[in-house]
Amino acid sequence: MFEQYDVAVIGGGPAGLAAAIASSKEGASTLLVEREGRLGGILKQCVHDGFGVIRFGEKLAGPEYAQRYINELKETDVQVSLLTFVDKIEKSKDGFTLVLVSAQGMRRVGAKAVILATGCRERTARQVAIHGTRPAGVLTAGAAQFYTNILGQLPGRRCAVLGSGDIGLIMTRRLTLEGAQVLGVYEAKSIPSGLPRNIAQCLNDFDIPLHLRKTVTRCFGHERLEAIEISDVDENMTPLPGTEQIIECDALILSVGLIPENELAETLGASLHQVTRGPVCDQNGQTEIPGLFSCGNAAHVNDLVDYVSESGEAAGRAAAMLNSECLMLNYAEISVDNNFLYAMPQRIDLSGSPEEVIVYFRSRDERGKTGFSAKLGDQVLLKKIFQTLRPPEMERVVLKLPPGVKAGDLVRLEME
Amino acid sequence: MKQLICITCPAGCKLLAELTPDGGVNVTGNTCKRGVDFALTELTNPMRTLCSTVRTSFAACPMLPVRTDREIPKGKMGEVMRLLMGIVIDKKIACGDAVADLGGICEGKIIATSDWLMSGV
């Protein structure tokens with residue numbers, strides 16, 4: 001007979017920490033599996049502040065934000081398994097069987113519900129079209145952050161940054177403070193991907209130029225990066241011949257997007273959403289596989305950690321209360337019009353008659369004043385005006401569900 | 001009128017601001033009161049929280065994340081960074097504990113932002 005838990009949480013970052021705490025508070029026996037030696041996930045290397053403004057009303061550094069949850073976790077009886085890798089998860093008669101690998105060897109663990117809090121991964125140089133050699137010095141912003149903040153090693157002295165995502169902007173400031181020279185941030189799109197406040201405090205504060213509609217098309221150098229080629233791009237982001245410009249640098253930092261990590265979800269047969277690249281989920285993060293939950297950046301890439309924690313809590317509570325005898329799931333669906341990039345969740349579990357549902361969404365394009373509405377048939381559930389909507393910024397609304405809502409109903413989200 | 005982006009919260013409101021002769025500030029574009037305070041400080045004496053790391057003598061945790069315990073004048077960030085580069089932590093300190101005093105540079109101190117030295121080193 002092997003170890004048996006009500007809930008197994010995979011990943012000890014902000015989503016997994018919140019999920020494990022919530023699950024345990026509901027009285028479920030809970031296992032938290034983390035492959036690294038310390039809890040906190042990516043927050044460990046996010047030494048900058050700005051975390052927790054919504055949750056705690058304070059601007060905390062990443063490790064500080066994680067510490068609050070780690071301290072709370074210590075008060076629970078969650079079983080934590082560090083330096084442990086999930087080899088595979090299989091569906092079993094009464095839940096799931098996990099195969100875990102650690103220094104002690106391989107072990108099998110049973111769980112009635114599994115929460116995937118595996119976060120996301122960065123797009124690498126192989127996923128953007130850069131020609132030329134493959135020298136050292138081309139690294140993702142997260143890797144540069146790990147070298148700088150965890151190991152204390154500067155990844156370059158003369159750096160260029162491709163992509164204007166928040167991690168790239170944060171690393172631009174960090175490298176500059178540590179004495180490296182950042183020549184510029186190059187973004188193929190016509191608008192920056194990062195938050196305006198990060199453009200202000202990470203680039204403008206240090207007079208670092210942001211070059212829009214430009215991209216890196218080639219790397220030069222044998223052992224070490226020596227130079228890059230920059231080209232202008234057209235509106236389809238295709239490089240324009242004749243606009244090439246060579247820039248000497250010893251590091252190229254990539255901040256070109258994040259993709260939810262869902263290898264485990266896929267092996268279990270959960271279908272992934274085309275846009276979010278995370279599993280199709282209900283408001284508690286439950287996927288199409290009963291008992292399998294997804295939360296945080298594994299479900300969809302969030303803009304703020306506060307929302308990651310919120311989704312972890314929802315998944316933790318729901319997984320703990322999962323009763324295999326009454327898995328009579330009945331769902332209403334959520335649909336969005338063409339002005340949305342996506343909305344999360346895609347469906348609403350009506351068992352337990354929820355009175356309200358939290359919906360996160362992003363707009364497809366940058367928009368000015370926009371009317372948002374949520375409708376069920378002719379009934380308006382919510383109307384709200386947004387002054388601006390930008391794809392990089394996630395919005396959060398709370399929909400009140402009327403008592404009459406039933407399985408198969410469609411909640412339509414619209415913009416005008 | 002000067003264009004500013006409020007960095008107080010993730011909303012990042014676009015502000016238009018100018019100082020008034022009586023020492024106040026005229027602001028538009030803010031969606032809360034914090035935008036007014038931010039604009040006034042930004043136009044008179046811009047302040048930032050500085051976050052960084054310091055070296056430690058513990059092999060399992062070579063760098064400890066730290067930050068200033070309050071906002072400091074933006075122009076002092078370089079000087080504080082130079083101070084941090086000379087620090088090596090050889091005691092096990094906790095999240096929130098003081099790492100250094102900024103006395104000579106500006107008001108405030110440097111505090112640790114993690115508990116890593118308290119466990120597992």
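What is the order of the strands in the open sheet of four strands in chain A? In this predicted model, the strands are arranged as S10-S15-S16-S17, and their pairing is mixed. The edges of the sheet are formed by strand S10 (131–132) and strand S17 (245–248) of chain A; each has a single partner strand, so one side of each is left without a neighbour in the sheet. For S10(A), pairing with strand S15 (residues 214–220) of chain A is parallel and extends over two bridges. Within this pairing, His131(A) has Arg218(A) of S15(A) as its bridge partner.

The domain assignment divides chain A into domain 1 (1–121 + 259–327), domain 2 (124–256) and domain 3 (328–416). Between the C-alpha centres of domain 1 and domain 2 of chain A, the distance is 32 Å. Contact between these two domains involves four residues of domain 1 and five residues of domain 2. On the domain 1 side, the residues comprise one nonpolar, two polar and one charged.

Two residues of chain A illustrate local packing in the model. Ala251(A) is located in strand S18 (residues 251–254) of chain A. Ala251(A) counts as buried because 24 C-beta neighbours lie inside 10 Å, against a threshold of 20 or more. Beyond its neighbours within four places in sequence, Ala251(A) is in contact with Gly137(A), Pro155(A), Gly156(A), Cys159(A) and Leu225(A). A further spatial relation links Ala251(A) to Ala160(A): the two are 91 residues apart along the chain, yet their C-alpha atoms are separated by 6.4 Å.

Ser363(A) belongs to strand S24 (residues 356–363) of chain A. With 22 other C-beta atoms within 10 Å, Ser363(A) is likewise buried. When neighbours within four places in sequence are set aside, the contacts of Ser363(A) are Asn339(A), Phe340(A), Leu341(A), Leu389(A), Pro391(A) and Met415(A). Of these partners, Leu389(A) is 26 residues from Ser363(A) in sequence, and the C-alpha to C-alpha distance between the two is 6.3 Å.

The second chain, chain B, contains two helices and ten strands. Along the sequence, these elements follow the pattern β-β-β-α-β-β-β-β-α-β-β-β. The radius of gyration of chain B is 18 Å, whereas the globule rule gives 14 Å for 121 residues; the value is well over that of the rule, so chain B is more spread out than a compact globule. The C-alpha trace of chain B spans about 55 × 30 × 15 Å along its principal axes. Buried residues make up 35% of the 121 residues of this chain. Among contacts in chain B with a separation of 6 or more, 45% are between residues 24 or more positions apart.

The two chains also meet one another: 24 residues of chain A are in contact with 24 residues of chain B. On the side of chain A that touches chain B, helix H2 (62–74), helix H3 (141–151) and helix H5 (196–203) of chain A each provide at least two residues. The most is given by H5(A), which contributes five residues. By class, the residues on this side of chain A are twelve nonpolar, six polar and six charged.

How values were computed
Residues numbered from 1 in each chain as written. Chains lettered and ligands numbered in written order. Predicted model: local features only at pLDDT ≥ 70, side-chain atom pairs only at ≥ 80, totals over all residues. Contact = placed C-beta atoms within 7 Å. Nonpolar A, V, L, I, M, F, W, Y, C, P; charged D, E, K, R; others polar. Buried ≥ 20, exposed ≤ 12 C-beta atoms within 10 Å, placed from the backbone. Rg over C-alpha atoms; globule rule 2.2 N^0.38 Å. Pairing = 2+ DSSP bridges. Domains from an automatic or database assignment.
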